[in-house]
Amino acid sequence: MKLLSILGATGSIGSNALEIVKQFPDRFAVVALTAKTNVVSLARQIVRFTPRLAAVIDADHARQLKALLPPGMDVEIVFGEAGYVEAATCQETDMVLGAMVGAAGLVPTLAAIDAGKDIALANKETLVMAGAIVIEKIAGRGVKLMPVDSEHSAIFQSMAGQAHNAIREILLTASGGPFLNRPAAAFAAITPKEALRHPNWSMGSKITIDSATLMNKGLEVIEAHWLFDIDFQRIKVVIHPQSIVHSMVTYADGAVIAQMGVPNMKGAIAYGLSHPRRLPLDVPAPDFTHIGGLTFEDPDLERFPCLKLAYWAGEQGGTMPAVLNAANEVAVAAFLYNRLSFNGIFPIIDRTMNRHGGKNGSDLGQIIESDRWARDTALSLIRKQER
Ligand code: NAD
Ligand code: MG
């Protein structure tokens, strides 16, 4: 029996993970669940999965959550960052699923590692911001770090049993998002509603916009760099609109190993939770004779410059990836609230990174400080445009 703390339980990844818990009650049980503000979903999950602890963003939502629970429900409700840390470090917990969105995942994930928990990580922003610290702590504590992002799960699976020094390069596949074939001149007119309609994947809103700008792939390049200890020049992004090949690894002899599947996150989540065991899932395999074809092309960095920015931030290192991530979070939120155009996202991140310039450093305090600074800077740039 594996005891889980699920951070971001009400989200797309979190609720898929709970489906898996429901399907394998003899393998998994839930110790703690967290959400930001969606107390209605969280209350339902608490009743169904009976965790010992639940955490939400603030005292107000903790009260709302309590009011929604049936009397006599034996669950401790905590809140704020301290509450999320408590959920991530419960004494009984074996594995923490990091499925929060954004920078909020960083501190609880680090606390979980310090507490000796195995980690299944969907929250890529944590690795983007503080990859060096995460990897060092994972090694120091001797815990397991399983990728849940489908591409990284694919790379992990494609590396099984292979020597690290035989790797030539990683081929990170990308669907290309909904605007793969849209001319740049039409980008200014893209609405949030349109951008939220991803052709292949059903995901939370932030990552769906990141997929449309290709920033998601940029964040994944940085994520792959840390997870697999491969330098940036050897991580190549390939547009693959069918999303069947989840990623590939090329070896010294020219052999390429790929992992394939239909675009459904359940496989990667279940593998992250139960590695090395493969669970029997209600997920079909690709029907190759009916797919019609698998195609691959280079990304267009002129139309999707966010990808270029992410490589640059990754190469730069230090606090620059945290600045990239924070400015992106702010710009994406502004786009979703109709405060910024789709093609206004890139310039906000670009300008924030330029202002950050040489200021560097890489300890946790500096990373958190840079995250705050970048949020303020990006927001003030957006406000200036609104005037
Ligand atoms: P989502 O928006 O559907 O869910 C996010 C979850 O995090 C919710 O439970 C929400 O309540 C919680 N949350 C949001 N902001 C928070 C905050 N400030 N503090 C605490 N909790 C907060 O997101 P998602 O699509 O499930 O993605 C979660 C993470 O997994 C992201 O980092 C994303 O990049 C990554 N990921 C998602 C997918 C996918 O298919 N959805 C695939 C790969 C990676
Ligand atoms: Mg992915």
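These legends walk you through several close-up views of a predicted model.

**View 1. The parallel sheet and its order of strands.** Here you can follow an open sheet of 7 strands, paired in the parallel sense and running in the order S4-S3-S2-S1-S5-S6-S7. Strand S4 (76-79) and strand S7 (145-147) are the edge strands, and each has a single partner, so one side of each is left without a neighbour in the sheet. From one strand to the next, the twist averages 25 degrees. Strands of a sheet pair through backbone hydrogen bonds, and they can do so in a parallel or an antiparallel way.

**View 2. Where S3 meets the edge strand S4.** Zooming in on one pair of the sheet, we find strand S3 (residues 53-56) joined to S4 by 4 bridges in the parallel sense. If you would like a pair of residues to anchor the view, take Ala55, whose bridge partner in S4 is Val78. Just along the chain is Thr50, which sits in the loop between helix H2 (39-49) and S3. Thr50 is worth a look for its backbone: its phi is near 40 degrees, a positive value in a residue other than glycine.

**View 3. The magnesium ion and its protein donors.** Which residues hold the magnesium ion (ligand 2) as protein donors? They are Asp149 (OD), Glu151 (OE) and Glu220 (OE), at 2.0 to 2.2 Å from the ion. Along the sequence, these donor residues follow the spacing D-x1-E-x68-E. Distant parts of the chain are linked in this way: Asp149 belongs to the loop between S7 and H7, while Glu220 belongs to helix H10 (residues 215-228), 71 residues apart. Are Asp149 and Glu220 buried or exposed? With a cut-off of under 20% relative accessible area for buried residues, Asp149 counts as buried because its relative accessibility is 6%. Glu220 also counts as buried, at 1%.

**View 4. The second largest pocket.** This pocket has a volume of about 420 Å³. Its lining is made up of 23 residues, and those nearest its centre are Gln259, Met260, Gly267, Ala268 and Arg278. Helix H7 (150-159), strand S11 (256-260) and helix H11 (266-274) each contribute at least two residues to the lining. Which element gives the largest share of the lining of the second largest pocket? That is H11, with 5 residues. For anyone thinking about chemical character, the lining divides into 12 nonpolar, 9 polar and 2 charged residues.

**View 5. A cis peptide bond after H11.** Moving on from the pocket, this close-up shows His275 and Pro276 joined by a cis peptide bond, with omega at about 10 degrees. Pro276 is placed in the loop between H11 and helix H12 (288-291).

**View 6. Arg278 and a residue from far along the chain.** Arg278, one of the residues nearest the centre of the second largest pocket, appears here together with Gln23. The two are 255 residues apart along the chain, and their C-alpha atoms are separated by 14 Å. Gln23 is found in helix H1 (residues 12-23). Its relative accessible area is 34%, so Gln23 is partly exposed.

**View 7. Asp229, just past H10.** The last view shows the loop between H10 and strand S9 (235-239), where Asp229 lies. Although Asp229 is not a glycine, its phi is positive, at about 50 degrees. Is Asp229 buried or exposed? Asp229 is exposed, because its relative accessible area is 57%.

Terms used: Residues are numbered from 1 along each chain as its sequence is written. Chains are lettered from A and ligands numbered from 1 in the order in which they are written. This is a predicted model: local features need pLDDT of at least 70, side-chain atom pairs count only at pLDDT 80 or more; totals for chains, interfaces and linings use all residues. Side-chain values use heavy atoms; hydrogens and water are left out. On a 1 Å grid over the protein atoms alone, a cavity is a set of points where a 1.4 Å probe fits but cannot get out, and a pocket is an open set with protein on both sides within 12 Å along at least five of seven lines; lining residues have an atom within 4 Å of a point. Grid points are joined across faces, edges and corners, and a volume is the space filled by probe spheres set on the points. Ala, Val, Leu, Ile, Met, Phe, Trp, Tyr, Cys and Pro count as nonpolar, Asp, Glu, Lys and Arg as charged, and the others, Gly among them, as polar. Two strands pair if DSSP finds at least two bridges between them. Axes are lines fitted to C-alpha atoms, for helices over the stretch in contact, and angles run from 0 to 180 degrees between N-to-C directions. Donors are N, O and S atoms within 2.8 Å of the metal (3.2 Å for Na, K and Ca); water is not among the atoms, so sites may look incomplete. Buried means under 20% relative accessible area, exposed over 50%, partly exposed in between (1.4 Å probe, protein chains only).
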